[in-house]
Amino acid sequence: MPYMKTETHPTYFAGAKATCACGNVMSIGSTREKLSVEICSACHPFYTGNEKVMDTAGRVEKFKAHRAAAKPARHNAGPATKKVSKKASESEEN
């Protein structure tokens, strides 16, 4: 008893070609015959072990410098002071 409508589902291509920007071509299953991707398992840093930082505006260096400057400030902050309410300070004086 098929209840699914046959006209509503897209065509499935079991041998679709996915082409990466690095030149790697993979055969995958998709609803599109040809795909173009920017990164794949052959060029992704997680799989290759090579770190590629794509930083065009110097944001990574700026972040690292900001973080390095903030570390000493946190360690030299000293102990936290205890705040005393106005009522508590008046009762201590009496």
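**Exercise 1. State the accessible surface of the protein and the share of it that belongs to carbon and sulfur atoms.**

Solution. The accessible surface comes to about 9000 Å², and 55% of it belongs to carbon and sulfur atoms. The values here and below are computed from a predicted model. A second figure concerns burial: of the 94 residues, 6% count as buried. A third concerns contacts between residues at least 6 apart in sequence: 0% of these join residues at least 24 apart.

**Exercise 2. Which pattern does the protein follow along the sequence, and in what order do the strands form the sheet?**

Solution. Step one: count the elements, which gives three helices and three strands. Step two: read them along the sequence, which gives β-β-β-α-α-α. Step three: take the order in the sheet. The sheet is open, its three strands lie in the order β2-β1-β3, and the pairing is mixed. Step four: find the edges. β2 (25–30) and β3 (34–37) each have a single partner strand, so one side of each is left without a neighbour in the sheet. Step five: add the twist. With direction ignored, neighbouring strands are turned by 35° against each other on average.

**Exercise 3. Determine in which sense β1 pairs with β2 and in which sense with β3.**

Solution. Begin with β2. Strands β1 and β2 run antiparallel and are joined by five bridges. They form a hairpin with four residues between them, and G23 in that turn has a positive phi of about 105°. One residue pair across this pairing is A16 of β1 and I28 in β2, which stand opposite each other.

Now take β3. Strand β1, residues 13–20, pairs with β3 in the parallel sense over four bridges. Here K17 stands opposite K34 in β3.

**Exercise 4. Which residues stand opposite T19 in β2 and in β3?**

Solution. T19 has its place in strand β1. In β2 the residue opposite T19 is V25, and in β3 it is S36. The contacts of T19 include these residues: leaving aside neighbours within four places in sequence, T19 is in contact with N24, V25, L35, S36 and V37. For accessibility, the relative accessible area of T19 is 34%, so T19 is partly exposed. Beyond the strands, the C-alpha atoms of T19 and C40 are separated by 8.9 Å, with the two residues 21 apart along the chain.

**Exercise 5. Describe the surroundings of K17 and say whether K17 is buried, partly exposed or exposed.**

Solution. K17 is found in strand β1. Not counting residues up to four places away in sequence, K17 touches V25, M26 and S27, and also E33, K34 and L35. Of these, K34 is the residue opposite K17 in β3. K17 has 42% relative accessibility and therefore counts as partly exposed. A distance completes the picture: K17 and G29, twelve residues apart in sequence, are 8.4 Å apart from C-alpha to C-alpha.

**Exercise 6. Is S30 buried or exposed, and what does its side chain reach?**

Solution. First, locate S30: its place is in strand β2. Second, apply the cut-off, by which buried means under 20% relative accessible area. S30 has 13% relative accessibility, so S30 counts as buried. Third, follow the side chain of S30, which reaches the backbone nitrogen of R32 at 3.1 Å. Fourth, list the contacts, again without residues up to four places away in sequence: S30 touches T11, Y12, F13, A16 and L35.

**Exercise 7. How many disulfides does the structure hold, and why are C20 and C22 not counted in one?**

Solution. A search of the whole structure finds zero disulfides. For C20, which is in no disulfide, the nearest cysteine sulfur is that of C40, 3.5 Å away. For C22, also in no disulfide, the nearest cysteine sulfur is that of C20, 3.6 Å away. A disulfide requires two cysteine sulfur atoms within 2.5 Å, so neither pair qualifies. The accessibilities can be set beside these distances. C20 counts as buried at 5% relative accessibility, whereas C22 is partly exposed with a relative accessible area of 44%.

Key. Residues numbered from 1 in each chain as written. Predicted model: local features only at pLDDT ≥ 70, side-chain atom pairs only at ≥ 80, totals over all residues. Heavy atoms only, no water. Pairing = 2+ DSSP bridges. Helix = DSSP H or I, 4+ residues; strand = E, 2+ residues; numbered from the N terminus. Axes fitted to C-alpha atoms, helices over the stretch in contact; angles between N-to-C directions. Buried < 20%, exposed > 50% of the residue type's maximum accessible area, 1.4 Å probe, protein only. Polar contact = N/O pair within 3.5 Å; in protein donor to acceptor, adjacent residues only side chain to side chain. Contact = heavy atoms within 4.5 Å. Areas by Shrake-Rupley, 256 points an atom, 1.4 Å probe, with all protein chains shown as cover.
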